[in-house]
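User: I'm new to reading structures, so please walk me through this one bit by bit.

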Amino acid sequence: MTSSYSEEFIEQVRFSNNIIDMISEYVELKKGGKSYKGLCPFHDEKTPSFNVSSEEQLYYCFGCGAGGNIFNFVMEIEGLDFVEAVKFLAERADLELPDQYLSPKMKQKQVKKKKLLQIHKLTAKFYNYLLTQSDIGKLGEQYLQQRGFNEEIIDQFKLGFAPDRWQGLYRFLQNKGYSDQILSESGLVIPRKKSSGYYDRFRNRVIFTIFNHRNQVIGFGGRIVKDCNQPKYLNSPDTLLFDKGKNLYGLNWAKPEVQKQNEAIIVEGYTDTITAYQFGIKNVVASLGTALTKEQAKLLRRYCKVVYIAYDSDIAGAKATLRGLDILKDVGLIVKVIRLPVDQDPDLFIKEAGQEGFERLKRQAQTLVEFKLDIILQERVITNIDDKVEVVNQVVKVLAKIKNEVELLEYIKKVAQKLNITEEVLKSELKNYKAKNKRQDRKQKNRNNKYKPKLKEKLNTVNLSDYINAVNGLSVEQLLKMMIKQPELIVKLQEVLEPTDFVKEEYQNLFAIIFDFYERRKQLDINHLLAELNRKEDKDLLLKLTVGDEVDFSVENIISDYIKKIKEYRILMKKKQLESKIKRAESDGNFKQVNSLLKEYQNLLRKEGF
């Protein structure tokens, strides 16, 4: 981890925040031995594999490999960069952030981001003022009134109106002292192509202010209010502040209710979200486009476990829903689909049926499997045997993913009835599909494994299990754990072992890193060591060993036996290599080399009794 803050300030922030207290705000932790355990917030699991060390102030998940210190956790759970995470934790500990420690490049970025946030905040006020306090916004006000939005909701969501002027916003922001360069980078104004100057991106549109989940204005969406040769909706482009694939409209307002209910409802549009909120359904967010992204799914996973998705009822909307479902499921969310009546969207349905009607529809939501099967069965009209075969082929792909036998039999029964075929036929096709996939998986696995082992690993396969579990169950990883927990052992091990004594490259690297760090610093501070590491593999292994359970062995005897076992193994491997070389030299008729190798072999045999 690199940073532009001083090491002293980073340490001050780290020591001012307890990782147990911090993570407990997101994860229910329970004491287990010397560490705390809970369900990992970064992947779906039923058995706790997420460990937090109070002593080392580190966390590690043995299920997905996520790990690090308190800064890593805040960056991952809140979607922040390192500088933002330091600021987040400094404010949490009531520490003043020393901007003087920022590098010129980082300071320039922070200044630019601060200006962009100011510009967007001013722009939201500008558009809102024109809508609510000026005759210029009458057209927008009429549109919103027709949609049923009251003054309170307009103010809360900071709705606005962009005037039908080429430079209305540009002149306003320019008069506030902002340069053309920063205004252009905001995405709110666009440079002219055929002449100098700039013009407003949004003109003659109702404006929807887009906030991030930390309640900062980061972008805007605009809807036309009268027919013209323009796209119906227009959004801010990607900027330093705004990335539509990483944000969800309305999450800043919905977050408390999402956390409280442990569920969120995803709709497609701005008005869907606002109408739901106005009618008392306050755990609703919009996806800023029909195609959900993994980043949006992970963002929701921080705050809830269950997601309902309520897009338009047409086939196109259903297919878009289908694409998003797997993305949500892949990050560990339980996914359900609310099926709206034909030709209705959430905005229209909620206005007609109210909160109670929507909640009733929500209680009838389909599971992921039900929805997928429905789409397959609805999309294709079966007129002949070929149609039926094609539908069955698609259905078995969905059924093959169901692990629960009772659930599977129920779906087989339902599908068989709808297709007017016997359950036995469907079971047979499902069995054939699974068998075919298994054969393909085996072939792929064999192809992958054929070239996978490196030459070094091939040569070092003899008695590798004896080496890995050297004596009395003590493994290489346990020896590393002992070094981490009892750094005074490092000097002893340095005297008798070299990193190359360990066959696996991951162990070699970590031993070398620890030896070097201890030699330079005369102590072993895991947090400082982690900060120096560049390779993810080294970080993951160090975290896994540091946060894991304690090693309970009689140190002196075990280490002596372990070193002896390693030396024996190295000699055995050297013997095997020499035997191979001798055979090759004999077959080549190179008897001079044979004699030289035999002498080396005899010397090795004398050492074997060490």
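Analyst: Happy to. Helices here are DSSP runs of H or I with at least four residues, numbered from the N terminus. Also keep in mind that this is a predicted model.

User: Okay, which residue follows H4 with a positive phi?

Analyst: H4 covers residues 82-92, so by the DSSP run definition the helix stops there. Past H4 there's a residue whose phi is positive, near 60°, and that's Asp94.

User: And at the start of H4, which residue has a side-chain oxygen reaching the backbone nitrogen of Val83?

Analyst: Val83 is one of the buried residues of H4. The oxygen comes to within 3.3 Å of Val83's backbone nitrogen, and it belongs to Asp81.

User: Which helices do the buried residues of H4 pack against?

Analyst: The buried set in H4 includes Phe82, Val83, Leu89 and Ala90. Their packing partners are helices H1, H2, H3 and H5.

User: Why are the buried residues of H3 on the same side of it?

Analyst: Start with who's buried: Ile70, Phe71, Phe73, Val74, Ile77 and Glu78. In an α-helix there are 3.6 residues a turn, so residues three or four places apart point the same way. The buried residues of H3 sit on the same side because they cover an arc around the axis of only 160°.

User: What residue follows H3, and what is its phi near?

Analyst: H3 opens with Asn69, whose side-chain oxygen reaches to within 3.0 Å of the backbone nitrogen of Phe71. After H3 comes Gly79, with a positive phi near 70°.

User: Now the sheet with S6, S9, S10 and S11: which strands stand at the edges?

Analyst: This is an open sheet of four strands, paired antiparallel, in the order S6-S9-S10-S11. An edge strand has a single partner, so one side of it has no neighbour in the sheet; that's the case for S6 and S11.

User: How many bridges join S9 to S10?

Analyst: S9 (residues 205-211) and S10 (residues 217-224) run antiparallel. One facing pair is Arg205 opposite Ile224. The number of bridges joining S9 to S10 is seven.

User: Which helix lies across S9, S10 and S11?

Analyst: Don't mix it up with H5, which packs on the sheet touching S6, S9 and S10, at about 35° to S10. The helix across S9, S10 and S11 runs at about 75° to S9, and it's H11.

User: Last one: which residues touch the most other members of the largest nonpolar core?

Analyst: That core has 59 residues, and H5 gives the most to it, with seven. One of the top pair has contacts including Leu131, Phe149, Phe208 and Ile274. The two residues are Leu159 and Tyr249.

Notes. Residues are numbered from 1 along each chain as its sequence is written. This is a predicted model: local features need pLDDT of at least 70, side-chain atom pairs count only at pLDDT 80 or more; totals for chains, interfaces and linings use all residues. Side-chain values use heavy atoms; hydrogens and water are left out. A nonpolar core is a set of buried Ala, Val, Leu, Ile, Met, Phe, Trp, Tyr and Cys residues joined through side-chain atoms within 4.5 Å. Buried means under 20% relative accessible area, exposed over 50%, partly exposed in between (1.4 Å probe, protein chains only). Helices (H or I, at least four residues) and strands (E, at least two) are DSSP runs, numbered from the N terminus. Contact means heavy atoms within 4.5 Å. A polar contact is a pair of N or O atoms within 3.5 Å; within protein, one must be able to donate a hydrogen and the other to accept it, and residues adjacent in sequence count only if both atoms are side-chain atoms. The arc is that of the directions from the helix axis to the C-beta atoms. Two strands pair if DSSP finds at least two bridges between them. Axes are lines fitted to C-alpha atoms, for helices over the stretch in contact, and angles run from 0 to 180 degrees between N-to-C directions.
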